[in-house]
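This report describes selected local features of one protein model. It treats an internal cavity, a helix, a buried serine and two residues with unusual backbone angles.

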Amino acid sequence: MTYLEIYNLLKSRFNLIDEKIDIPELETRIINIPFESFSHSLLPGEDSYNCNEHNVTFDQTYELASKLRTPHLNEIIETPDSKITENVKFNYSILVPIEVKKSKKTEKNIIKKNKVNGTIILLHGLNEKDWSKYLPWAYKLMEQTGKQVILFPIAFHMNRTPTKWIDPRFLRTANIERKEIFPNVANSSFANIALSARLQFHPQRFLWSGLQSFYDVLQLIHEIRSDLHPHIKKKSTIDFFAYSIGSFLANILMLTNSYNYLSKSKLFNFCGGPTLNRMNAASKYILDSEANISVYSFYIERLEGELKKDERLRHYFSDLHPVGKYFRSMLEFHKMQDFREKRFKELHKQISAIALKQDFVVPPSEVLNTLKGSDNKIPTKVRVMDFNYKYDHVIPFPPTKKLEKEVDKSFNRVFRFAAKHLK
């Protein structure tokens, strides 16, 4: 099957509700697993905060009330993060290879599970609400590696999103309100209004939701290693395929290597890998200009001052929390550079990447600079590719009939390279 055929078939069958979905045409089974995040108390919206690991209590909370007279926009901004149930309890999907044989007696398919060689966790991009574009990616990784692939949603993305944040009517009204307050805002759209508004007024959310996502992945891995997962064996290998901001998270997971869970894991970055200040998230699909400026200002220009004011932020960025220290090292290219590059050098055999020539959100030069180091002496395998059709960061493989052959060729090139690293 071509990429387009695989895309259409998987999109038509996929859902996050049924416990099991068999797709015999692709010898694939999709299993949906319930998950409850144990880390949501990190998020804004709590009356008090504690670090149980170090037995520390913090006095400050977060004032989420907005002074704007905009009912729809206010609802987005003021919703307490820690109380959003969709973000706490949700399903994630696993694509598993199966063996399909035809019964001569009944003319029906007989499905037997194959022996799975390991597990790949696929992490998606920023401001994503739909798994459709990732389904062929997961399938191709499964097909070429023999490993099962987990589609794991980052905090407040995909099915971890409140219903109103994906309601076009509600979002269009909120976007009109936003443009009345910020008439010069660029790249504003109903697609990015929820994320943009919340990050503009409270850029700390980027860290806390990132930490929740980090700990959620660790929670998933802990379930596997403790033999508590219903479908994944305790000794299964665990690797990552990560895209865009998912690469930012996956790199921090690998750099930190909590509990030595990832000592033998591999990571493949696709259209991702640079430090935060070397990416450009300003896009009608990702962040509008006001949110992009706010996040950049907070984490790149004002961070030292913010750390002096915010005791909890300072605690999680300290040496007491390696994840916070590595997170900080991935914010600005020239800060903590030796610290970051020393660790990337130790991991160079475990990490690989593809960057795309026409990607202006994650420029190829910045993927090379971060993963191979400023002096190009880290021997991490990074390949820069280009395709013979118009594409961008958000849609590298357009699912159109007109480009079917060219897209199929490019899709297979990328995933052959990825699968070779992740086998």
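A cavity is here a set of grid points where a 1.4 Å probe fits but cannot get out, and its volume is the space filled by probe spheres set on those points. The model under discussion is predicted.

**The cavity and its lining**

One cavity of 30 Å³ or more is found when the whole structure is searched. The largest cavity holds about 390 Å³ of space. It is lined by 28 residues, of which Ile154, His157, Phe206, Ser209 and Gly210 are the closest to its centre. Helices H6 (193-201), H7 (204-225), H8 (245-256) and H12 (322-329) are the elements that each give two or more residues to this lining. The greatest contribution comes from H7, with seven residues. By residue class, the lining of the largest cavity comprises 17 nonpolar, seven polar and four charged residues.

**Helix H9**

Helix H9 spans residues 289-301, and its buried residues are Ser289, Ala291, Ser294, Val295, Ser297, Phe298, Tyr299 and Ile300. These buried residues pack against H5 (168-181), H6, H7, H10 (303-309), H11 (311-316) and H12. Two of these partners, H6 and H7, also give residues to the lining of the largest cavity. At the N-terminal end of H9, Asp288 acts as the cap, with a side-chain oxygen 3.2 Å from the backbone nitrogen of Glu290.

**Ser352 in strand E11**

Ser352 belongs to strand E11, which covers residues 351-356. Buried means under 20% relative accessible area; Ser352 has a relative accessible area of 3% and is therefore buried. Its side chain reaches the backbone oxygen of Lys381 at 3.0 Å. Leaving aside residues up to four places away in sequence, Ser352 touches Leu267, Phe268, Asn269, Thr380, Lys381, Phe417 and His421. Lys381 is thus among the residues that Ser352 touches, and its backbone oxygen is the atom reached by the serine side chain.

**Positive phi outside glycine**

Two residues other than glycine have a positive phi, as tabulated below.

| Residue | Phi | Loop |
|---|---|---|
| Asn55 | about 55 degrees | between strand E3 (49-51) and strand E4 (56-58) |
| Asp227 | near 60 degrees | between H7 and strand E9 (238-243) |

Is Asn55 buried or exposed? Since exposed means over 50% relative accessible area, Asn55, at 73%, is exposed. Asp227, for its part, lies in a loop that adjoins H7, the helix that gives the most to the lining of the largest cavity.

Notes. Residues numbered from 1 in each chain as written. Predicted model: local features only at pLDDT ≥ 70, side-chain atom pairs only at ≥ 80, totals over all residues. Heavy atoms only, no water. Helix = DSSP H or I, 4+ residues; strand = E, 2+ residues; numbered from the N terminus. Buried < 20%, exposed > 50% of the residue type's maximum accessible area, 1.4 Å probe, protein only. Polar contact = N/O pair within 3.5 Å; in protein donor to acceptor, adjacent residues only side chain to side chain. Contact = heavy atoms within 4.5 Å. 1 Å grid on protein atoms, 1.4 Å probe; cavity = no way out; pocket = protein on both sides within 12 Å on 5 of 7 lines; lining within 4 Å. Nonpolar A, V, L, I, M, F, W, Y, C, P; charged D, E, K, R; others polar.
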